[in-house]
Amino acid sequence: MRSELRWKLCWENELDIIDHVDPPEFFRKAYGPTGVFNTKLFSGSQSWARRADNVHWQATGFDKGARAAMKSQRPAVLWFTGLSGSGKSTIANALDRLLHARGKHTYILDGDNVRHGLNRDLGFNQSDRVENIRRVAEVAKLMADAGLIVLVSLISPFRGERRMARELMEEGEFIEIFVDTPLEECARRDPKGLYRKAFAGKIANFTGVSSPYEIPESPELQLETVGHDPAALAFEIEQFLERRMEQSDA
Ligand SMILES: Nc1ncnc2c1ncn2[C@@H]1O[C@H](COP(=O)(O)OP(=O)(O)O)[C@@H](O)[C@H]1O
Ligand SMILES: [Mg+2]
């Protein structure tokens, strides 16, 4: 049997291919006189296919190192955490522009934007928040694997969730950036009018108001925003990345 046909049958019947031996007689039996594919026959060890309850990792040709080397950069996941209005998106955007000007390949995963697409089915209860972070972290991991410098901007208020994201990445790849702005200042800025609503009791589980924010214990970078220009803070992160690149070259 031609392998494309075999792939098609496996795909349509949710089966994994487990070997590359052609079993024409087995296949004829599977279809039988009715012409209906009988997946029950595909359970024994003789079979070349089985139900996809055991998903395997498919190795790919090029590794992360090769992809990153092509871009002359070291992949990273820059994880901006902080209260709403602390400045995560503003600083991430400024850094993105800086890195772009230096010829670096980047991508921004902004919590607000991701909730319009990939995570549009998720709300703000505890389990949805964890799933929101898990998905963003997994996407960031894939992008880092593609050799990119990924800028993630997510309140991510709980240490456990940030740890989960960190543990997904390779050693030294996850860079936690605490955008450190006091609650009073965030509420004063209130760029989206959310604090006003939250203080009026109109938003449940609002971080800093009706839900806690757990301050990072040992972030790679801590940026105090009051009295500092976002562009200067972005430059500070860029310097950090430069040093990190030099260390990996040494
Ligand atoms: N040093 C600073 N860094 C970042 N944002 C600042 C700074 N100073 C003032 N801001 C203002 O604070 C607000 C932060 O909003 P935003 O970046 O959307 O926050 P977040 O993404 O954390 O919710 C913006 O209006 C920005 O102009
Ligand atoms: Mg934001």
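# A guided tour, starting at Ser156

Begin by selecting Ser156, which an unreviewed UniProt entry marks with the feature "active site"; UniProt positions follow the numbering used here, feature names are shortened, and annotations may be inferred rather than shown by experiment. Before going on, note that this is a predicted model, in which local features need pLDDT of at least 70 and side-chain atom pairs count only at pLDDT 80 or more, while totals for chains, interfaces and linings use all residues. Residues are numbered from 1 along each chain as its sequence is written, and chains are lettered from A and ligands numbered from 1 in the order in which they are written.

**Stop 1: around Ser156**

Ser156 sits in the loop between β5 and α7 (159-168). Helices (H or I, at least four residues) and strands (E, at least two) are DSSP runs, numbered from the N terminus. Is Ser156 buried or exposed? Ser156 counts as buried because it has 27 C-beta neighbours inside 10 Å. The rule is that a residue is buried if 20 or more other C-beta atoms lie within 10 Å of its own, exposed if 12 or fewer, and partly exposed in between, with C-beta atoms placed from the backbone.

Now show Thr81, Ile133, Glu161 and Arg162: Ser156 is in contact with them, leaving aside its neighbours within four places in sequence. Here, contact means that the C-beta atoms of two residues, placed from the backbone, lie within 7 Å.

**Stop 2: the strands**

Step back to strand β5, residues 149-153, where five of the five residues are buried. Ile149, Leu151 and Ser153 point one way from β5, and Val150 and Val152 point the other way.

Which strands pair with β5? Strand β3 (residues 76-81) runs parallel to β5 and is joined to it by five bridges. Strand β4 (residues 106-110) also pairs with β5 in the parallel sense, over five bridges. Two strands pair if DSSP finds at least two bridges between them. To see single partners, select Trp79, which stands opposite Val152 in β5, then Tyr107, whose bridge partner in β5 is Val150.

Keep Trp79 selected and look for Glu176, its bridge partner in β6. Strand β6 covers residues 174-180, and six of its seven residues are buried. Five bridges join β6 to β3, and the two run parallel. From β6, move on to strand β7 (residues 221-224), which runs parallel to β6 and is joined to it by four bridges. Asp180 stands opposite Glu224 in β7.

**Stop 3: helix α6**

Select residues 126-145 to bring up helix α6. At 1.5 Å a residue, its 20 residues should span 28 Å, and the end C-alpha atoms are 29 Å apart, which agrees; the expected span is 1.5 Å times one less than the number of residues.

Colour Arg129, Asn132, Ile133, Val136, Ala137, Ala140, Met143 and Ala144, which are the buried residues to look for in α6. They cover an arc of only 125° around the axis, so they lie on the same side of α6. That arc is taken over the directions from the helix axis to the C-beta atoms. An α-helix has 3.6 residues a turn, so residues three or four places apart point the same way.

What covers this buried side? The cover includes β3, β4, α5 (111-114), β5 and α7. Turn the helix around to find the exposed residues Ser127 and Leu142 on the face away from the buried side. Asp128 is also in α6, and is partly exposed because 13 other C-beta atoms lie within 10 Å. After α6 comes Gly147, with a positive phi near 95°.

**Stop 4: ligand 1 and helix α10**

Next, select ligand 1. It is surrounded by 17 residues, of which Gly87, Lys88, Ser89, Thr90 and Thr225 are the closest; a residue is near a molecule if its C-beta atom, placed from the backbone, lies within 6 Å of it. Helix α4 (88-101) gives the largest share of this shell, four residues, and α10 (230-249) supplies at least two.

Follow α10 and pick out its buried residues, Leu233, Ala234, Ile237 and Leu241. Seen down the axis, they fall within an arc of 100°, so they line one face of the helix. The elements that cover them include β3, α4, β6 and β7. On the face turned away are exposed residues, among them Gln239, Glu242 and Arg243.

**Last stop: the whole chain**

Finally, zoom out to the full protein chain, with its 10 helices and seven strands. Of its 250 residues, 30% count as buried.
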